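Trainee: I would like to go through this structure and ask what stands behind the words used for it. Please show it first.

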Number of protein chains: 2
Amino acid sequence: MSILIKEVLLEHDIVDIYIENDSIRQVGTALSVPAQKTINGKGKAAIPGFVNGHTHAAMTLARGWGDDIPLEQWLHNRIWPYEAKLTEEDVYWGAKLSCLEMIKTGTTCFNDMYAFFHGTARAVEEMGLRATLSATLFDHFDENKAEAAKKQILQYFSEAQQYSDRITFSPGPHAIYTVSGKTLQWVRDFANDHHLRVHLHLAESRTEYNNAVQQFGLSPVRYLHQLGVLAPHLIIAHCLWLDDEEIQLLADHEVKVVHNPNSNLKLASGFQFKYEEMKQAGITVGIGTDGCASSNNLDMVEAAKTASLLQKGWRFDPTAMPAPEAFACATLNGAKVLGINAGKIAAGCLADLCLVDLNIPAFTPNFDFISNLMYAANSSCIDTVICNGQLLMENKHVPGEEEILTKAAAIAHNLMYR
Amino acid sequence: MSILIKEVLLEHDIVDIYIENDSIRQVGTALSVPAQKTINGKGKAAIPGFVNGHTHAAMTLARGWGDDIPLEQWLHNRIWPYEAKLTEEDVYWGAKLSCLEMIKTGTTCFNDMYAFFHGTARAVEEMGLRATLSATLFDHFDENKAEAAKKQILQYFSEAQQYSDRITFSPGPHAIYTVSGKTLQWVRDFANDHHLRVHLHLAESRTEYNNAVQQFGLSPVRYLHQLGVLAPHLIIAHCLWLDDEEIQLLADHEVKVVHNPNSNLKLASGFQFKYEEMKQAGITVGIGTDGCASSNNLDMVEAAKTASLLQKGWRFDPTAMPAPEAFACATLNGAKVLGINAGKIAAGCLADLCLVDLNIPAFTPNFDFISNLMYAANSSCIDTVICNGQLLMENKHVPGEEEILTKAAAIAHNLMYR
């Protein structure tokens, strides 16, 4: 397929964008290229699609199922009983709902971690998004469970070949308190052998930090360092509890970090994410939403805004994480975290992009488009979404969205009340 | 006019709502009342309109004009030179743009503070919203300026009679560092004589707190107490820097407080708003957005969400400010702050309400409507807005919105670059 977008705002210029197959081929003025589809970009701005650096897509089914209650109560009475009932079909519909929400809010690629790999993979395949899908891995420090978990990873890895290039498999060891050091080392070797990313929760709460010190005699990052698993392929979500020396360890090993500000606030995990220090150290920081059971939506515009406001707030510094940096974390940095050639609109990049409707109050006046996008707008400004060169949404409508809403709602209600 | 809304979700029930003239007359099931306009409420939820407790409407014209820069630079290089050029006509168009944005995001009433009272009043009158409009008052501790300011307040107060009941005049002494104690006392007496609210910025920044201690020998709240101006008619915006004794003083005098979380974060004024302590003390706490020069939008859904997340975050307590309380602060409490009979959907209340479109991902599944509204949705879920019994928006469209966007953008660009 080929798409030509005419006269759209890109940063400070009005340009044409020509897309062929999966890539952006030309960005320029007055392009005269024949295309199968032409889009009038007047009154719109083009932005790279957002990259959601950390989520659990299928958990959209548990949206609003246990807010405002203590963590232990939430896990024991709400989430675990619910997850025990889940089937691959449920995960498929939960992931479809998530893909729909992500498309509507301008996300073209996400980094997931969940069970029932094929449920999520089928949904992504059908919905047209790009994703790195981590199969969650637990061993609870039990050798038999570790063997079973590794076997499953090997199986999913081989089965993942059936999907298109938009889907990348990755192992997702859950956390250092649910996966043994030995298994983390096995995952490291497996990822090295097959050039995969590794997706891990780390240093999310003060409790996790204190328990690591007690259990391993080391803080979470130092423990990973001692295990020898810090590596450029490692993506760690949250990373709230660490000191300057640990930031340097992450930088030295080119570990990628994903900040999830709304989840961190909602679950009261911590709010002093050390963005400035990580940036200074040269760490690639992406932004994520986390799953909808903890943070309730998959909206990257909102996540990027919260990230920026929170930096300014707790540092008492109105210049912290300016809008262009928040935007970069949510787009280009996210692509770097996942190692994909996207996150910017330039010839040669993957054609993962959105058009923003400028004829709304949030962009009036429009002195600074990125500032308006990050601080004034919400994700309802997203009008058109293209992923891998395919048109997924036009005029704010995704084909089949009504059926997904109806079906996912029925499945979610059935799951909770059956 | 009479409006009958059929089969709409209200909290946990499906009801009909009958509106006549400016009020809600009946809420019940299967109402058979003839009405001039019938709205099908299926797939929608009814909520009271949001009450924006603190804003500077016309500053929408300066949206995105100087983000991410230090406060002094922002004031000296951006805001003051801009405000020096403003005319009443500019304020009128800025306020029209704000009213449009507020309608589109579900706000039916707001508490404003700005110059050129008639510019804002004309805009509100035409757009159909309800507002308490404070004319900003400064004397900079100069007796001549104080006399001029008082004269202007008297004049505006008398001229305000020309507007409809939707518009309430109030004096708006800017802050304790720009208005003398003597003038604050005059304002108190004037407000008492005429049963008006008084709208004041207070305890917004640590600098303001420290300066008050230095200049007056007292912290901001204690200084107001010493002046004898703490009163039930007093609405203070921000109120970030105070201790438990000061909270008790505010409670004892039934002072109203408006929290502006996004502005406080963006300007790095402070983030530890003492909501729980104020609630315990019995203080009525509303929520506001502040003006668009500091916080960039007038979106009360977003402001309420940030308020809730921030409480959980800095307190390390996921149960802090649960969704129903955040919602109440943004609706019913706001109405109490302004002393209007709105903020809930019940017979006898003013007909200030919205319909929410439930057929979107944010309300799928819909286990808990208020939780979804506060934590998952954004303001684009607002479908229909009724204020004072009049239909201001239906199917997300406000009559004349295109003209307002065009005109306000032209005025804003002209102002900045002329």
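Mentor: The questions below take up some terms and set values against their definitions.

Mentor: This is a predicted model, in which local features need pLDDT of at least 70, side-chain atom pairs count only at pLDDT 80 or more, and totals for chains, interfaces and linings use all residues. Residues are numbered from 1 along each chain as its sequence is written, while chains are lettered from A and ligands numbered from 1 in the order in which they are written.

Trainee: How do you know that β1 and β2 of chain A pair?

Mentor: Strands are DSSP runs of E of at least two residues, and helices are runs of H or I of at least four, numbered from the N terminus. Two strands pair if DSSP finds at least two bridges between them. Strand β1 (residues 2–10) and strand β2 (residues 13–20) of chain A have seven bridges, in the antiparallel sense, so they pair. One of the bridges links A:Ser2 with A:Glu20.

Trainee: What makes β2 and β3 of chain A a pair as well?

Mentor: Five bridges join β2(A) to strand β3 (residues 23–28) of chain A, and the two run antiparallel. A:Asp16 has A:Gly28 as its bridge partner in β3(A). These strands form a hairpin with two residues between them, where A:Asn21 in the turn has a positive phi of about 50°.

Trainee: Why is chain A said to agree with a compact globule?

Mentor: The radius of gyration is taken over C-alpha atoms, and the globule rule is 2.2 Å times the number of residues to the power 0.38. For 418 residues the rule gives a value near 22 Å; chain A has 21 Å, so the two agree.

Trainee: What relates chain B to chain A?

Mentor: Copies are superposed by least squares on the C-alpha atoms of residues with pLDDT of at least 70 in both. Chain B can be laid on chain A with an RMSD of 0.0 Å by a turn of 180° and a shift of 0.0 Å along the axis. That is the relation of a two-fold axis. The C-alpha of B:Ser380 comes closest to this axis among the residues of chain B, at 3.1 Å.

Trainee: How many residues of chain B are in contact with chain A?

Mentor: Contact requires C-beta atoms, placed from the backbone, within 7 Å. By that rule, 55 residues of chain B touch 55 residues of chain A. Helices α2 (88–104) and α11 (300–315) of chain B are among those that each supply at least two residues to this side.

Conventions
Two residues are in contact if their C-beta atoms, placed from the backbone, lie within 7 Å.
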